[in-house]
Structure formats: C-alpha cells, structure tokens
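Student: I am new to this structure and would like to learn how its features are read. Could we go through them one at a time, with the general idea followed by the case at hand?

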Amino acid sequence: MLNGDAEMLDIPAMLKINLDRVREKIQLALQTSPDPRRVVTLVAVSKKQPLERIRALAELGQVHFGENYVQEGLEKIKSIEITELKWHFIGKLQSNKAKYIPGQFCLVHSMDSLKLARALQKKASSLNIVQPVLIQVNAAGEAQKSGLDPGDLAGFVREVSGMEHLDVQGLMLMPPMVEDSEKSRPYFAQLREMRDSTEKKTGISLPHLSMGMSQDYVQAVEEGATLVRVGSLLLGPRPGCAVNFAGR
Ligand SMILES: *Cc1c(COP(=O)(O)O)cnc(C)c1O
C-alpha cells in the first residue's frame, strides 16, 4: 500500500509489492471457491491515477486496466501507447457517449439499459466488430445506483443476445458500500445465483462475473468472480480522494 513506511520505497517497488500480494491472495481465494481451476482476471482500476504510475504497473506485467470516464479513458489509451494493454470500461456510460467505446475497450462491464445496448450495437456494427459486454445488475435494488433490475435480466439477456455486434459474456455488480467486506459476500453469491438461473432460463451462456474491488476482491473470488476490479490497493489512493471509495 502506498502509505506509511511504504513511502520510503520508490513507486515501482511499491507497485510490485502490491501486485504480488493481490495476485497471491487471488490464487489463495481461488482454492476455496466453486471452480478453483477457472482463470480470474485482475483488472487494475486506473481512474484518476497518474500516467507514470500506470506505465510502471504495466511494466511489471499488468495487462488489464479499467477506466470509468470516457474522455479520461480515451486520453490514457492514446498517451500510454503500450499496445499489449487491454482496457476495460467499468463506469457509468451514457448512451450518447457509447460511440466512443467499441474498438477502444475490450470489455464494457457496465451495460445497463436497452438504449445503451442499441447505441453500442450501432457503433460496433459501423466498425464491423463484435463488442464484448457485461450486464451491470442492481442486485441490492438501491434506488440511486445504476444497474438493471434483476427481474428484467432474462428478458434483457435474450434481447441483447440477438444483437449481432454485441457479445454478452456475463454480469457485473457493485454492492452497497459497507465497512465490513464480509457484508459484500451475500451480494456476490446472489449475482452468481442470478447468473446460473438466467443461463437456465435463456439457454445463453454467461461465463463471466465481474465483482469485487480493493476492499472485497477476496470474498468475490471465493464466490465465483472471474474478473476483479482493484484500484487503490494496487495503484495507491487516488489523488484528491480523501478515502478510497470516493470515486465510486
Ligand atoms: C473505482 C472503481 C473500482 C475500484 O475501486 P477501489 O476501491 O479503488 O479498488 C472498481 N469498480 C468500479 C466500478 C469503480 O468505479
């Protein structure tokens, strides 16, 4: 972590400690999870982080990065210029900005409306590519949170799976903010169960579950995550944020 004694170390050395620790904990958590042999992809959430820090993490072998804001994400992709990197779009996406995403981001985690699906499909179609997407579910039914109502999920999956230029690969969740990371666990389990029942209802395969952040990625992997989105624990506190969760 980038605080306290660690400030004595240089940035790459600290990033290496963080990366090794997170990777190790993911491997440990996998062993007690439903499908221990699956691959879990670590997405380093780089929103609001300085370019040098992102480059340094990439040089340590981190490939997947997650961005929340369209403009900021596109600027980073352009200026970092490491072609092997894979960029994920994980933030709230307005359908009028969807046109900037296909061709730039390998996976959209936050698709949550038909309007947005149609806008992504339209752009992907014009580029003649297939855009991989996850559906964000509002599992806790929080009024202020984005995400699809769980009751609409099967119908939505059916509808989107008919769009030729979108490839629905699974579900994503942002659980309510809690102090105790164990409190996220029931939401992770719920997302997995929702995935299983939606696959049964629709016959459409949804292999990926994007869940877990710095605070609760261990619990998420134990409950079946295939993608975890870890920001501050890898890259340090975001500049200008009083607490780690300020960017949510
Ligand atoms: C910011 C953010 C994260 C990472 O948060 P940390 O607490 O820094 O790990 C993960 N997912 C989403 C959608 C985010 O906005």
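Student: Let us begin with a helix: which residues of helix α5 are buried?

Tutor: A residue is called buried when its relative accessible area is under 20%. In this predicted model, helix α5 spans residues 153-161, and its buried residues are L153, A154, F156, V157 and V160. Because these residues cover an arc of only 165° around the axis, they are placed on the same side of α5.

Student: What covers the buried residues of α5?

Tutor: The cover includes two helices, α4 (114-127) and α6 (185-202), and also the strands β4 (107-111), β5 (131-137) and β6 (166-173).

Student: Strand β5 is in that list, so I would like to look at one of its residues; is Q136 buried or exposed?

Tutor: Q136 lies in strand β5, and it counts as buried because its relative accessibility is 5%, where the cut-off for buried is under 20%. When its neighbours within four places in sequence are left aside, Q136 is in contact with H109, S110, M111, D112, S146, G147, L148, M172 and M174.

Student: Let us turn to another helix; which residues of α3 are buried, and what do they pack against?

Tutor: In α3 the buried residues are V70, G73, K76, I77 and I80. They cover an arc of only 135° around the axis, which puts them on the same side of α3. These buried residues of α3 pack against α2, β2 and β3.

Student: Which exposed residues does the face of α3 turned away from its buried side carry?

Tutor: That face carries the exposed residues Q71 and K78.

Student: What follows α3 in the chain?

Tutor: To read a backbone angle such as phi, it helps to keep a general expectation in mind: most residues other than glycine have a negative phi. α3 is followed by E81, which has a positive phi of about 50° although it is not a glycine. E81 lies in the loop between α3 and β3, and because its relative accessible area is 65%, E81 is exposed.

Student: Where is N128 placed, and what is its phi near?

Tutor: N128 is placed in the loop between α4 and β5, and its phi is near 55°, a positive value in a residue other than glycine. With a relative accessible area of 63%, N128 is exposed.

Student: Helix α2 was named among the partners of α3, so which of the residues of α2 are buried?

Tutor: Helix α2 runs over residues 51-59, and R53, I54, A56, L57 and A58 are buried in it. The buried residues of α2 pack against the helices α1 (11-31), α3 (70-80) and α8 (232-235), as well as against β1, β2 (64-67) and β3 (86-89). Just after α2 comes G61, which takes a positive phi of about 105°.

Student: Strand β1 is one of those partners; what does T41, which is found in β1, touch?

Tutor: T41 is found in strand β1, residues 41-45, and it counts as buried because its relative accessibility is 17%. Not counting residues up to four places away in sequence, T41 touches H64, T226, L227 and V228.

Student: And where is T32 placed?

Tutor: T32 is in the loop between α1 and β1, and at 56% relative accessibility T32 counts as exposed. Sequence distance and spatial distance have to be read separately here: T32 and V221 are 189 residues apart along the chain, while their C-alpha atoms are separated by 8.9 Å.

Student: Finally, how many residues surround the ligand?

Tutor: The ligand is surrounded by 13 residues, and the closest are K47, N68, S214, G231 and S232. This shell divides into 6 nonpolar, 4 polar and 3 charged residues.

Student: Which side chains have an N or O atom at a stated distance from a ligand atom?

Tutor: An N or O atom in the side chain of K47 is 2.7 Å from an oxygen atom of the ligand, and one in the side chain of R238 is 2.8 Å from a ligand oxygen atom. For R229, a side-chain N or O atom is 2.9 Å from a nitrogen atom of the ligand. Taken alone, the ligand exposes 390 Å², and the protein buries 98% of that area.

How values were computed. Residues are numbered from 1 along each chain as its sequence is written. This is a predicted model: local features need pLDDT of at least 70, side-chain atom pairs count only at pLDDT 80 or more; totals for chains, interfaces and linings use all residues. Side-chain values use heavy atoms; hydrogens and water are left out. A residue is near a molecule or strand if one of its heavy atoms lies within 4 Å of it. A polar contact is a pair of N or O atoms within 3.5 Å; within protein, one must be able to donate a hydrogen and the other to accept it, and residues adjacent in sequence count only if both atoms are side-chain atoms. Accessible areas come from the Shrake-Rupley method with a 1.4 Å probe; for residues, only the protein chains shown count as cover. Ala, Val, Leu, Ile, Met, Phe, Trp, Tyr, Cys and Pro count as nonpolar, Asp, Glu, Lys and Arg as charged, and the others, Gly among them, as polar. Helices (H or I, at least four residues) and strands (E, at least two) are DSSP runs, numbered from the N terminus. Buried means under 20% relative accessible area, exposed over 50%, partly exposed in between (1.4 Å probe, protein chains only). Contact means heavy atoms within 4.5 Å. The arc is that of the directions from the helix axis to the C-beta atoms.
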